[in-house]
Amino acid sequence: MIEMQDAAYGYGAEPLLSGLSLHLPPGSFHFLTGPSGAGKTTFLKLCYAELLPTGGHISLFGHTATGLARDGIADLRQRIGVVHQDCNFLDHLPLRDNLALPLTVTGKGSMVQESNLTELIGWVGLSARANAFPPELSGGERQRAALARAIIMDPDLILADEPTGNVDWDMSLRLLNLLVELNKLGKTVVIATHDLALIRAAKQRVQARVLRIQGGQIISAGADL
Ligand SMILES: Nc1ncnc2c1ncn2[C@@H]1O[C@H](COP(=O)(O)OP(=O)(O)OP(=O)(O)O)[C@@H](O)[C@H]1O
């Protein structure tokens, strides 16, 4: 699904990430950890071709990232759901309309029935908030809404950047359970997080691999967690 061979990325002359060689197979569940500023968000951006490698090779769904034309990137993005760290929504639209936006933008609105949208909103536990405006939502509600928005296009791969940032432990577990459920449905999941307790909790629920970014490289950190 995603393969990297000696991939590198740098915002300036110096590489931030280098020597990235890994394979994320379909249906796998990965955590990505590492200190603030290590490059977790940058790594995720490489996974959805928001950034292209400045060295080495990245293959996304069998396509070389650097060889993708604009259409290819658009097709790819439909197969990837991203839960962004900042959970931005359009504040003047109710939650339900915000969640339907990716469908409207891609012209798939008519293919996805209203009932599916209602079901998705219920699945993340936001039925009672469907008509609320984003500024009225709590942090945990926003995070669940961001997850719902990421999966509305039924992606094969879900990339979540600190999906439990700013929420309490119960809400973190609730979000984790949703992501585990998606993985059990066959979706590949990658979660960037600082939260080692979350990773430990996940290990009781799913077979997860833990990757750590350290010194600009990715190392496998499974055994010590
Ligand atoms: N657009 C950019 N231009 C220049 N430098 C950037 C840019 N985006 C990120 N950086 C720098 O790259 C480094 C890695 O950033 P990144 O956001 O990938 O780290 P992170 O591990 O996700 O951090 P955090 O855990 O704090 O979210 C940081 O030093 C950051 O300042």
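D154 is partly exposed, because 14 other C-beta atoms lie within 10 Å and a residue needs 20 or more to count as buried. Keep in mind that this is a predicted model. You'll find D154 in the loop between helix 5 and strand 7 (157–161). Its backbone is worth a look too: phi is near 55°, a positive value in a residue other than glycine. Most residues other than glycine have a negative phi.

Go along to the loop between strand 7 and helix 6, and there sits E162. Here again phi is positive, about 50°, although E162 is not a glycine. E162 has 19 other C-beta atoms within 10 Å, so it's partly exposed, given that buried starts at 20.

V167 belongs to the loop between strand 7 and helix 6 as well. Its count is 19 C-beta neighbours inside 10 Å, so V167 is classed as partly exposed. What does V167 touch, leaving aside residues up to four places away in sequence? The contacts are G139, G140, Q143 and S172. Take G140: it is 27 residues from V167 in sequence, yet their C-alpha atoms are 5.6 Å apart in space.

Now zoom out to the domains. The assignment splits the protein into domain 1 (1–79 + 155–225) and domain 2 (89–153). Measure from centre to centre over C-alpha atoms and you get 24 Å between domain 1 and domain 2. Where they meet, 11 residues of domain 1 are in contact with 10 residues of domain 2. On the domain 1 side, helix 6 (residues 169–184) gives the most, with four residues. That side is made up of eight nonpolar and three polar residues, with no charged ones.

Next, the inside. In soluble globular proteins, nonpolar side chains tend to be buried together. Here the largest nonpolar core has 57 residues, and the members touching the most others are L147, A148, I158, L159 and L179. Which helix gives the most to this core? That would be helix 5 (residues 139–151), with six residues. The core draws at least three residues from each of domain 1 and domain 2. For a local view, pick L179: not counting residues up to four places away in sequence, L179 touches I158, A160, V189 and I191.

Helix 1 (residues 40–47) has its own buried set, namely K40, F43, L44, L46 and C47. Why do they sit on the same side of helix 1? Because they cover an arc of only 155° around the axis. An α-helix has 3.6 residues a turn, so residues three or four places apart point the same way. After helix 1 comes A49, with a positive phi near 60°.

K40 also turns up around the ligand, where the surrounding residues are Y11, L16, G34, S36, G37, A38, G39, K40, T41 and T42. Sorted by class, that shell holds three nonpolar, six polar and one charged residues.

One last stop is T118, which is in helix 4 (residues 114–123). T118 has 13 C-beta neighbours inside 10 Å, so it counts as partly exposed. A130 is 12 residues away from T118 along the chain, and 8.5 Å separate their C-alpha atoms.

Methods:
Residues are numbered from 1 along each chain as its sequence is written. This is a predicted model: local features need pLDDT of at least 70, side-chain atom pairs count only at pLDDT 80 or more; totals for chains, interfaces and linings use all residues. A residue is near a molecule or strand if its C-beta atom, placed from the backbone, lies within 6 Å of it. Ala, Val, Leu, Ile, Met, Phe, Trp, Tyr, Cys and Pro count as nonpolar, Asp, Glu, Lys and Arg as charged, and the others, Gly among them, as polar. A nonpolar core is a set of buried Ala, Val, Leu, Ile, Met, Phe, Trp, Tyr and Cys residues joined through C-beta atoms within 7 Å. A residue is buried if 20 or more other C-beta atoms lie within 10 Å of its own, exposed if 12 or fewer, and partly exposed in between; C-beta atoms are placed from the backbone. Helices (H or I, at least four residues) and strands (E, at least two) are DSSP runs, numbered from the N terminus. Domain bounds come from an automatic or database domain assignment. Two residues are in contact if their C-beta atoms, placed from the backbone, lie within 7 Å. The arc is that of the directions from the helix axis to the C-beta atoms.
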